[in-house]
Amino acid sequence: MSSHSLSEIVSQTRAIAQEIAAKHAADVDRQARFPSETFEALRKARLLTAALPKELGGGGANMAELAEMCTALAQGCGASGMVLAMHHIQVACIARHGMGSPFFRKYVEELVERQLLIGSITSEVGVWGDTRSSICACIRENGHFKLDKDATTASYAEHADDLLVTARRNQDAPPSDQVLVLVRKADRTLTQTGTWDTMGMRGTCSPGFKLTSSGSEDQVLPGSFADASAQTMVSYSHILWSGVWLGIASDAMARASAFVRAEARKNPGVVPPKATHLAKMSAEVQLLRNSVHGQAHEFDEIMSRPTGMEELLTIGWALKMNNIKVSSSEMTPRIVHDALQIIGIGAYKNDSKLSVGRQYRDSLSAALMISNDRIFSKTASMLLVHKDD
Amino acid sequence: MMIEKIRKILKDHGRLNKDPWALDEAADLYQAGMTSHASVNVMLALEGEFEIEFPDHLLKRSVFESMGAMRDTIAGLTKGS
């Protein structure tokens, strides 16, 4: 169905970022509203199925290209970039784990046709941020399921067409034995339980909700969430989120560069004093870019091998995913901080052309989306058995 | 014998919601409540008990998903030593 060439996917996203997302970013941020214009444009350009393989009618983008898409969009609007990353993650889970099921094969056709936006509900009141643990259960009876969940944050849930929700496999399953369930828009009610008046990433509109849902048992993604999580959700999340953060850092870099160039033009022949700070910042941005691109390429390389899916289940790969997440989420706010120091008051003012207020606030969410402290403690435990041989 | 030691380790470190002696050798331990965090402690205890080191390519879910899988892996590592 799609005839995009691969680089076309990225260049189309870049155009939408510059012409639409960037234009509305300040308003999206100010009002904490969903970036509807951007998603309307992505939908029209059929970019919401970029993560689906070509044989399923999608754009066939690999991890490197998906990360570039997220970077490009986040350069215009961080919240839009994050919603796109989250959507790609859900689509990837379905494409990589659902194709043994006639229901999900049919669903993918609908996804391509209607360019649906898929949200995610993995958080839950009472599990304290541990996405690999659920209290709610997928209650099954006579080929149907019922699923009620009290979510602490539900990513753009009200703006998503459908939702992928984690739950215990059935009423008797332990908290760690989870499945992913596709909840259709017509079969759900969402009762908002909290607000979304956050420092940053305001356009992702992800307050708490009480979800009530039902549907056909076919909507339970085959296999276990443990595998889908290790083989797809964690890898796509940490690499694509890092892609988003790279976009925010690049936006800050572009603003700092513009400032220094303008200074230089005022007095040709004299290197502006802030140019040296910009030089330091550019080294940091390069490090972040190489790290994100390198990790994305390594994923694509692994997936090109027949043993790929198996390799993603090793502790060695889990460590790499933890490391890319914590390192890029810590670098990004530092890079935006550099831009603030270089530009000065023009970056500090919210209504200035070179303001980095939104970028700074957006970047601070990075360390909290799956708390870095939690990730470090898991890494510490895995390093007790990993030999790096 | 080896399975007995594995059961003991699971009892001490697996944090299962079932008694390891009530579980079949092939039973899926993750479905019996073992978390990935608990599985790391099981790996450490197995390395200590059997005086082995699991190479990195064996540090994956499938190797630790059942007592039988652990026994086969450990037997492979201790063979000829």
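Domain bounds here come from an automatic or database domain assignment. With those bounds, the lining of the largest cavity draws at least three residues from each of domain 1 (6-116) and domain 2 (119-219) of chain A. This is a predicted model, in which local features need pLDDT of at least 70, side-chain atom pairs count only at pLDDT 80 or more, and totals for chains, interfaces and linings use all residues. Residues are numbered from 1 along each chain as its sequence is written, chains are lettered from A, and side-chain values leave out hydrogens and water.

**The cavity**

- There is 1 cavity of 30 Å³ or more (a set of points on a 1 Å grid where a 1.4 Å probe fits but cannot get out).
- The largest cavity has a volume of about 40 Å³, the space filled by probe spheres set on the points.
- Its lining (residues with an atom within 4 Å of a point) includes Ala25(A), Cys77(A), Met201(A) and Arg358(A).
- By type, the lining residues are 5 nonpolar, 2 polar and 4 charged, with Gly counted as polar and Asp, Glu, Lys and Arg as charged.
- α1 (6-31), α4 (78-97) and α11 (357-363) of chain A each supply at least two lining residues; helices are DSSP runs (H or I, at least four residues).
- Which helix gives the most to this lining? α1(A) does, with 3 residues.

**Helix packing**

- In chain A, α2 (residues 36-44) packs with α4(A) at an angle of about 45°, their axes (lines fitted to C-alpha atoms) 10 Å apart; angles run from 0 to 180 degrees.
- α2(A) and α4(A) are therefore oblique to each other (not under 35 degrees, over 145, or 65 to 115).
- In chain B, α2 (residues 36-50) and α3 (residues 67-78) pack at about 40°, with axes 12 Å apart.
- That makes α2(B) oblique to α3(B).

Key. On a 1 Å grid over the protein atoms alone, a cavity is a set of points where a 1.4 Å probe fits but cannot get out, and a pocket is an open set with protein on both sides within 12 Å along at least five of seven lines; lining residues have an atom within 4 Å of a point.
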